[in-house]
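Me: Please take a close look at a single part of this structure, the way its strands are paired, and then follow the chain outward from there. I would like one connected account that I can check against the sequence and the coordinates.

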Amino acid sequence: MKKLLFVAFVFGILNLSAQEFYCGTVDDGSMLRRLEQNKKTMRSSLGVRDDTWLFIPIEFHIVTKTDGTGGIDENRILDELAHMNKNYSGFKMKFYLASDFNYIKSSSLYSDPGGVFGVPKIKVNRNKFPHAANVFLVNEMSSGGSPGQVLGYYAPALDVVVIRNSQFGINAQTASHELGHFFSLMHPFYGWDADPYDPAKHGNPVKIQTVTYAGQTIQIELMNKSNCDVAADMLCDTPPDYNFGISDPERDCKLNGPILDYNHDTIVTMENNYMGYFFGCGQYEFTPMQIAAMRADYLSSERDFLHTGIVPDSAAIDPSTFHVNYPENKEKVEYYDYVDLDWDDMPNATNYEVIISPASQPQNAEKYFIKGQSHLILTNLVKGKKYKWYVRPYSNAYTAVPKLGGYTFRAGDWTIGTDDLSDIADMNIYPNPVNDDVIYINFSKSSDDAIIEIFDMSGKVVDKFKINLKRGINKLNLTHSNYQNAMYNVLIKTKEHSYIRKVFYGK
Ligand SMILES: [Zn+2]
């Protein structure tokens, strides 16, 4: 709770206008301590500067309103991950998806992640992913009464990054900036955060040598580098910045000078530093010392939890290897409650997102996330309706390919449950309804290896088996522990034929 009050206090004295955007990171002392430690490592160790890849597991938390609406589109996360990996690749740091997206339904976290209800939700969810950098994506965040807008922040006490959904996408720098904080970097204008340079107040030449921020007296960095090791962000290759970017009216990535420091030296700042506030710079950069500090931070014992030993799948996926097998573009399929969308495996893709919507209502798209296979069985389409579908291939560290396809098909007029009885004599499942965790399959063809998949009505696989089906009665123990009283589709694929049967599970 002490932390919360502190944030409110700092935001409360910000002197900003309504159009100003800023980062809400406030050091609780631990960032500076880690930075000092990392600087020691940088001085004593060459290892930090070497060119081995450092792999960073990252967990994205998609926060929605309590009713499940409003969360960020997963595609924007995949886009941003590709963007971050591009930004960090020059110094061989690579982010990879630690696991599936984590969805959190909480209106309080959605709109006030720093509030008394938001913070405990962040803690609980962060603790579910102890071996990752945790990033929470929310709709808005409190600016503590200031008219400016907080775009994101790193919370040192929670060790998480929180970012506004609007900042997540291919052209924003916010995520790369906040991950810089995660790895101990300060703002190059540290000390001027809440009270940006104003010639009327601070003079030109600047007439003061220190600023007060967060209860500390901080040296103002000079152009002659005499105090660069202890002033502002304490890194000597980031030149003086007195928070010039936040009040740059043109947002053109250019300091309106000349501005003279305390020694009357003309300030040459670095506008396009990721950790600064200048907008519109096109390509941003980290300096060599910032890079070394981030690498040292990653390698420090405090970051042991990131060292999973996993080498992520980062080989590029070639979009031209996308090839649809079924259905053909504009085809009308036979059934409406059983359509097996199928495409070729794409080299280096481990995951696929399938996006499907009625062709006339792209806003009503449903998304399916598939691992380790390149087809999707749909059982919930509407009779005779035209659909459009896309496939986005990715792996845990290569997410740069956009959605592919955009083909259409029309759902059939038939239901597989009652109309396709042509193979009914060959395969029969009982009892139906299933009332125990055992089903029997009566098979009248000759013995064959089979894959059996049980789908719920949303098309999700809930149980899967590989068995040798023998002629006669085969017993199958259901392994999934959470069958609901509901209808399921059982798909039995042998080399010769695929059988689909509806069973009702009820106890
Ligand atoms: Zn920041």
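Reply: Two strands are taken to pair if DSSP finds at least two bridges between them. With that in hand, and keeping in mind that this is a predicted model, one can begin with an open sheet of 3 strands, which has the order E18-E19-E22 and antiparallel pairing. Strand E18 (427-430) and strand E22 (472-477) stand at the edges of this sheet, and because each has a single partner strand, one side of each is left without a neighbour in the sheet. Direction ignored, neighbouring strands of this sheet are turned by 25 degrees against each other on average. Between E18 and strand E19 (residues 438-443), which run antiparallel, there are 4 bridges, and Asn 428 stands opposite Asn 442 in E19.

Two further antiparallel pairs can be read in the same manner. Strand E12 (residues 339-343) pairs with E15 in the antiparallel sense over 4 bridges, with Asp 342 standing opposite His 375 in E15. The side chains of strand E15 (residues 375-378) alternate: Leu 376 and Leu 378 point to one face and are buried, whereas His 375 and Ile 377 point to the other and are not. The other pair is formed by strand E8 (residues 210-213) and E9, which run antiparallel and are joined by 4 bridges; here Thr 210 stands opposite Gln 219 in E9. E8 and E9 form a hairpin with 2 residues between them, and Ala 214 in the turn has a positive phi of about 50 degrees.

Beyond this hairpin, the loop between strand E9 (216-219) and H8 contains Asp 252. Asp 252 has 13 other C-beta atoms within 10 Å, and is therefore partly exposed, since a residue counts as buried at 20 or more and as exposed at 12 or fewer. Although Asp 252 and Leu 235 are 17 residues apart along the chain, their C-alpha atoms are separated by 25 Å.

The loop leads to helix H8 (residues 288-299), whose 12 residues should span 16 Å at 1.5 Å a residue; the end C-alpha atoms of H8 are 16 Å apart, which agrees. Because 9 of the 12 residues of H8 are buried, the helix is largely enclosed by the rest of the structure. The buried residues of H8 are Gln 290, Ile 291, Ala 292, Ala 293, Met 294, Arg 295, Ala 296, Asp 297 and Tyr 298. They pack against helix H2 (30-44), strand E2 (54-64), strand E3 (93-97) and helix H6 (174-182).

Helix H6 can be followed in turn, for it is mostly covered, with 8 of its 9 residues buried. Those residues are Thr 174, Ala 175, His 177, Glu 178, Leu 179, Gly 180, His 181 and Phe 182, and they pack against strand E1 (21-23), helix H3 (74-89), strand E5 (133-138), strand E6 (149-155), E7 and H8. Just after H6, Ser 184 takes a positive phi of about 80 degrees.

One of the strands beside H6 is E7 (residues 160-164), and Ile 163 lies in it. Ile 163 has 28 other C-beta atoms within 10 Å and is therefore buried. Leaving aside its neighbours within four places in sequence, Ile 163 is in contact with Val 135, Leu 137, Gly 152, Phe 168, Thr 174, Ala 175 and Glu 178. The C-alpha atoms of Ile 163 and Ile 72 are separated by 11 Å, though the two residues are 91 residues apart along the chain.

To place these parts in the whole, the chain has 9 helices and 24 strands, and its domain assignment gives domain 1 (2-182), domain 2 (187-285), domain 3 (319-416) and domain 4 (421-505). Between domain 2 and domain 3, the C-alpha centres lie 51 Å apart. Along its principal axes the C-alpha trace of the chain spans about 95 × 45 × 45 Å. Of the 507 residues in the chain, 38% are buried. Among the contacts in the chain with a separation of 6 or more, 70% come from residues 24 or more positions apart.

Key. Residues are numbered from 1 along each chain as its sequence is written. Domain bounds come from an automatic or database domain assignment. The expected span of a helix is 1.5 Å times one less than its number of residues. Two residues are in contact if their C-beta atoms, placed from the backbone, lie within 7 Å. Axes are lines fitted to C-alpha atoms, for helices over the stretch in contact, and angles run from 0 to 180 degrees between N-to-C directions.
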